[in-house]
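Me: I am in my first year and would like a close look at a single part of this structure, the place where aromatic rings meet. Please take it slowly and explain each term as it comes up.

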Amino acid sequence: QRFKRMAFVQGGRRGLSVAALGGERKGLPRKWPIPGVSHTILVASAKGGVGKSTTAVNLAVGMAAQKKGLCVGLLDADVYGPSVPKMMSLSGRPELTKQNRMLPLTNYGVKCMSMGFLVEETSAVVWRGLMVMSAVQKLLRQVDWGVLDVLVVDMPPGTGDTQLTITQQIPVSGAVVVTTPQDVALMDARRGVEMFRQVDVPLLGLVQNMSVFLCPSCGHQTNIFGRDGAVKMAQETAVDLLGDVPLHLGIREGADSGKPSVIFDSDSPQTEAYLKICSRILEKLKDSGPT
């Protein structure tokens, strides 16, 4: 009965209200900005395995490289499976300020923070929800970012505790949802879109990742995961499609070696795609003003 009272119908579908997600609007925690950060964007997927972290890394590095003087940070919010340290070729423990706040590690002009800096690379984080929430709070509140124009947050898969904690604790300029054209991935991407709408986070748009396979030898194109699935989803959900990123061997090699494509494969189709998406995001942020 309790959930029935909180249910509502939106766009022809039955869902849970903000009350079900964490209390009445007036009872939600007050959002406190991260000191020094003008814009925070969340890169999410609601599903693992669609290239969300690789996309987040290339977007953060791409924005920093594309616009001179832009200060960009990258927060790895995936407590259980942090991948930013490897993808950004960073290791070691963060230094502490006199105020006992952690200093981000920096590479490719991007300041980075991750649970991967605080635990051994091969260690499994076997924590219950409250411990994970405590860790997320630490990543949000105990990092000295200095001055950032944009903080890119690589969100964990799903629509659970971490997502709610972040969206309820800090002002968010917008969210980017990453998906592949495959129907199975699109199902979860829709859930991600709905989640952000229910918690009042603006949607910057969709990224259709692995849109087409580009053969590195001959350049032949194959739609391994289907064709234009995210294009159709964008139309049906009234969300902008920010761009398509091809499935290319160079992207995987760059992620595994800590050499983002936008830096080390600058003349490639995938870098062109990433930079176009970066430009569209920055334009949207410019229009919205700082949070």
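**The aromatic pair and its surroundings**

Reply: F264 has a relative accessibility of 46% and therefore counts as partly exposed, where buried means under 20% relative accessible area, exposed means over 50% and partly exposed is what lies in between, using a 1.4 Å probe and protein chains only. Before going further, please keep in mind that this is a predicted model, in which local features need pLDDT of at least 70 and side-chain atom pairs count only at pLDDT 80 or more, while totals for chains, interfaces and linings use all residues. Residues are numbered from 1 along each chain as its sequence is written, and side-chain values use heavy atoms, with hydrogens and water left out.

Which kind of pair do the rings of Y108 and F264 form? A search of the whole structure finds one aromatic pair, a term that covers rings of Phe, Tyr and Trp (its six-membered ring) whose centres lie within 6.5 Å, with planes under 30 degrees apart counted as stacked, over 60 as edge-to-face and the rest as tilted. The ring centres of Y108 and F264 are 5.7 Å apart and their planes stand at 80 degrees, so this pair is edge-to-face. The pair joins distant parts of the chain, since Y108 sits in the loop between β5 (105-107) and β6 (110-114), whereas F264 belongs to helix α10 (residues 261-264), 156 residues apart; helices (H or I, at least four residues) and strands (E, at least two) are DSSP runs numbered from the N terminus. Y108, like its partner, is partly exposed, with a relative accessible area of 23%.

The ring of F264 has a further neighbour, because K259 lies over its face at 5.7 Å from the ring centre, and a charge is said to sit over a ring if NZ of Lys or CZ of Arg is within 6 Å of the ring centre and within 35 degrees of the ring normal. The charged end of R30 is placed in a similar way over the ring of W32, 4.2 Å from its centre.

For contrast, the cysteines can be examined too. The count of disulfides comes to zero, a disulfide being a pair of cysteine sulfur atoms within 2.5 Å. C218 is in no disulfide, and its nearest cysteine sulfur, that of C215, is 3.6 Å away. C218 counts as exposed because its relative accessibility is 60%, and C71, at 34%, counts as partly exposed.
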